[in-house]
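Dear colleague,

I am passing on the structure we talked about, and below it I have written out what I found when going through it. Please read the notes with the model open beside them.

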Amino acid sequence: AKRVTVSTLRAMKEAGEKIAMLTAYDYSMAKILDAGGADVLLVGDSASNVMAGHETTLPITLDQMIYHASSVVRAVNRALVIVDLPFGSYQGDSKIALSSAIRIMKESGGHGVKLEGGAEVADSIKRILSAGIPVMGHLGLTPQSIYKFGTYTVRAKEEAEAERLLQDAILLQELGCFSLVLEKIPAHLAGKVSQALAIPTIGIGGGVDCDGQVLVTHDLLGLTKDFHPRFLRRYAELFDVIQDATERYVNDVKAKDFPGPQEQY
Ligand code: KIV
Ligand code: NA
């Protein structure tokens with residue numbers, strides 16, 4: 001299959017074809033998601049929660065993101081692979097931001113980076129783009145700022161914050177971002193932003209008028225059990241499938257049923 005590029009995504013928006021993005025953190029899963037036709041695989045810093053069991057996305061390191069990303073890149077034949085810049089690797093100093101992005105590109109083979117925020121990270125975005133590295137923005141609920149907000153509730157419900165988000169979205173486009181994630185904002189605002197921009201928006205809890213959708217793969221597959229936000233649709237219950245397989249294996253071992261005569265040398 002033909003590889004997805006940032007230009008493909010732009011053309012998809014122009015053609016009105018929705019973009020399907022999923023998170024991926026490892027080789028085996030990325031192979032399946034690529035085979036299933038995901039257009040973009042995001043090596044999200046949600047790996048901090050999903051893969052490492054941290055409460056927030058803050059602890060994951062650049063080295064750890066590169067390890068996850070390189071595993072995903074090796075699996076992919078078609079999807080565009082975008083890698084989150086982790087907390088602390090791009091804020092405040094645009095030179096540090098550029099060197100973090102360069103490390104991701106060189107050491108993982110990813111095709112671009114994503115970072116959270118608007119005007120406050122404009123210098124970092126500009127410098128990364130100046131090296132020819134595609135940048136995806138991320139507005140609305142930005143989990144790396146969780147301790148500033150205190151909750152994971154819907155963002156930009158009030159007029160002033162909604163207007164600021166729209167201005168940030170326009171700024172990200174003007175800086176040269178190829179796309180942006182809109183996380184957990186009112187659907188009418190996400191629709192308005194999507195209409196105002198030529199670059200594709202990817203929603204998570206942003207409603208159907210975004211140019212694409214993203215979900216955390218472990219949530220969509222039902223590998224995570226106790227997470228039921230309104231925006232999540234589960235397409236499988238793999239926690240139960242895997243628990244059942246584990247129980248049957250354990251029982252077979254205890255009962256000396258496994259391995260059988262044909263399963264040994
Ligand atoms: O890290 C992540 O999984 C993300 C998506 C939810 C957009 O940033
Ligand atoms: Na993220």
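**Around E116**

Beyond its neighbours within four places in sequence, E116 is in contact with H138, T142 and Q144. Please keep in mind throughout that this is a predicted model. E116 is placed in the loop that runs between β4 and α6 (122-130), and E116 counts as buried because it has 24 C-beta neighbours inside 10 Å, where 20 or more are required.

**The barrel**

The framework comes next, since the annotated positions are easier to follow with the strands in mind. There are 8 strands that close into a barrel, in the order β1-β2-β3-β4-β5-β6-β7-β8, and their pairing is parallel. On average, neighbouring strands of this sheet are turned by 25 degrees against each other, with direction ignored. Helix α4 (residues 62-75) packs on the sheet, where it touches β2 and β3 (80-84), and the direction of α4 makes about 175 degrees with that of β3.

Strand β1 (residues 19-23) is mostly covered, with 4 of its 5 residues buried. On one side, β1 is joined by 4 bridges to strand β8 (residues 212-215), the two running parallel, and within this pairing L22 has L215 of β8 as its bridge partner. β1 also pairs with β2 in the parallel sense, over 3 bridges, and here T23 stands opposite L42 in β2. Further round, strand β4 (residues 112-114) and strand β5 (residues 135-140) run parallel and are joined by 2 bridges, with V135 in β5 as the bridge partner of V113.

**The annotated positions**

Two sets of positions come from UniProt, in both cases from an unreviewed entry, so I would ask you to treat them as the record's statement. Under "binding site", UniProt lists D45, S46, D84 and K114. These residues are spread over 70 residues of sequence, although they cluster in space, with a largest C-alpha distance of 12.5 Å. The feature "binding site" is also placed by UniProt at D45, D84 and E116. These span 72 residues in sequence, yet no two of their C-alpha atoms are more than 10.9 Å apart, so they gather at one spot.

D45 is found in the loop between β2 (40-43) and α3 (47-50), and S46 has its place in the loop between β2 and α3 as well. Are these two residues buried or exposed? D45 counts as buried because it has 31 C-beta neighbours inside 10 Å, and S46 is buried too, with 20 other C-beta atoms within 10 Å; the latter count still qualifies because the cut-off is 20 or more.

Leaving aside neighbours within four places in sequence, D45 is in contact with T57, I60, M65, D84 and P86, so that one of its contacts, D84, is listed with D45 under "binding site" in UniProt. On the same basis, S46 is in contact with T23, T57 and V216.

**Ligand 1**

Which residues surround ligand 1? The shell consists of T23, L42, G44, D45, S46, D84, V181, E183, I204, V214 and V216. Among them are D45, S46 and D84, which UniProt also lists under "binding site", as well as T23 and L42, which stand opposite each other in β1 and β2. By class, the shell has 5 nonpolar, 3 polar and 3 charged residues.

With best regards

Note on methods:
Residues numbered from 1 in each chain as written. Chains lettered and ligands numbered in written order. Predicted model: local features only at pLDDT ≥ 70, side-chain atom pairs only at ≥ 80, totals over all residues. Buried ≥ 20, exposed ≤ 12 C-beta atoms within 10 Å, placed from the backbone. Contact = placed C-beta atoms within 7 Å. Pairing = 2+ DSSP bridges. Axes fitted to C-alpha atoms, helices over the stretch in contact; angles between N-to-C directions. Near = placed C-beta within 6 Å. Nonpolar A, V, L, I, M, F, W, Y, C, P; charged D, E, K, R; others polar.
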